[in-house]
Amino acid sequence: MKTIYLLLSVIFASLASVPPEHSKSVFISEGESMAPTLKNNDRFLIDKTYYDSHPIQRGDVVVIQLANNRQFVKRVIALPGETIEYKDDVLYINKEAVDEPYLITAKNESQKENLYLTEDFGPITIPEETIFVLGDNRQNSLDSRMIGPIPIDQIVGKMTNTLPAN
């Protein structure tokens, strides 16, 4: 009995110490598709296990893994079952306007030039087990507008915070 107790103690102790060390990774952004939130070569942490205990939320910044083994960082815009549409630079989810505070500066700059930040598209209904992602730099981003909704199982993790430059 003492041996079993000791063995279980060792197993539980080792399990408790593994997840924190392997659940977070440093990621380096490439390009300007998430500007101004992230610029080229910005470093940030992703939590690979965050969605094991939390639901995906609209507005989350996530790293996704595409079939060609490339990883991209994008913002979750729509969730499974939602219908998304962009019209006159306004995001609509299920026909209701949705605020995007992370785009205020970029939208103001576009409006000064009488341009829209995001071209009209949709309506698109997001299939179950997928999400719709966009880059914050809407005029320079490879995202769900081109590659379609992203399967949830291709989410690598959620961005938790940025890191200081070296």
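**Reading a predicted model, feature by feature**

Author: Welcome! The protein chain has four helices and 11 strands. Keep in mind that this is a predicted model. Of the 166 residues in the protein chain, 37% are buried.

Reader: Thanks! What holds the strands of a sheet together?

Author: Strands of a sheet pair through backbone hydrogen bonds, and the pairing can be parallel or antiparallel. Here, four strands form an open sheet with antiparallel pairing, in the order 7-6-5-8. Strand 7 (96–98) and strand 8 (121–125) stand at the edges with a single partner strand each, so one side of each has no neighbour in the sheet. On average, neighbouring strands of this sheet are turned by 25° against each other, direction ignored.

Reader: How many bridges join strand 5 and strand 6?

Author: Strand 5 (residues 83–87) and strand 6 (residues 90–93) pair over four bridges, in the antiparallel sense. To find the pairing by eye, look for I84, which stands opposite I93 in strand 6.

Reader: Which strands pair with strand 11?

Author: Strand 2 (residues 43–47) pairs with strand 11 (residues 155–163) in the antiparallel sense, over five bridges. Strand 3 (residues 61–65) also pairs with strand 11 in the antiparallel sense, over three bridges. A good residue to look at is K158 in strand 11: D47 stands opposite K158, and K158 is also the bridge partner of V62.

Reader: Now single residues. Is S23 buried or exposed?

Author: The cut-off helps here: buried means under 20% relative accessible area. S23 has 7% relative accessibility, so S23 counts as buried. You will find S23 in helix 1 (residues 2–23). Leaving out residues up to four places away in sequence, S23 touches I46, D47, K48 and T49.

Reader: And what about N41: buried or exposed?

Author: N41 is exposed, with a relative accessible area of 52%. N41 sits in the loop between strand 1 (24–28) and strand 2. With residues up to four places away in sequence not counted, N41 touches I28 and S29. You can also compare sequence with space: N41 and F27 are 14 residues apart in sequence, and their C-alpha atoms are 9.1 Å apart.

Reader: How should I read a salt bridge, and how many are there?

Author: Look for a side-chain nitrogen of Lys or Arg within 4 Å of a carboxyl oxygen of Asp or Glu. By this rule the count comes to seven salt bridges. In one of them, E82 pairs with R58, and the closest N and O atoms are 2.4 Å apart. E82 lies in the loop between strand 4 (71–78) and strand 5, while R58 lies in the loop between helix 2 (50–53) and strand 3, so the pair ties together parts that are 24 residues apart in sequence. E82 is buried at 11% relative accessible area, whereas R58 is partly exposed at 33%.

Reader: Where is the salt bridge partner of K112?

Author: K112 and E109 are three residues apart in helix 3 (residues 104–112), separated by about one helical turn. Their closest N and O atoms are 3.4 Å apart. K112 counts as exposed, at 63% relative accessibility, and E109 as partly exposed, at 41%.

Reader: Which residues form a nonpolar patch on the surface?

Author: L142, M146 and I147 form one, with about 270 Å² of accessible area together. M146 belongs to helix 4 (residues 144–147) and is exposed, with a relative accessible area of 52%. For the chain as a whole, about 10,100 Å² is exposed, and carbon and sulfur atoms supply 55% of it.

Note on methods
Residues numbered from 1 in each chain as written. Predicted model: local features only at pLDDT ≥ 70, side-chain atom pairs only at ≥ 80, totals over all residues. Heavy atoms only, no water. Helix = DSSP H or I, 4+ residues; strand = E, 2+ residues; numbered from the N terminus. Buried < 20%, exposed > 50% of the residue type's maximum accessible area, 1.4 Å probe, protein only. Contact = heavy atoms within 4.5 Å. Patch = residues over 30% accessible without salt bridge, like charges linked within 9 Å, V, L, I, M, F, W, Y side chains within 5 Å. Areas by Shrake-Rupley, 256 points an atom, 1.4 Å probe, with all protein chains shown as cover. Pairing = 2+ DSSP bridges. Axes fitted to C-alpha atoms, helices over the stretch in contact; angles between N-to-C directions.
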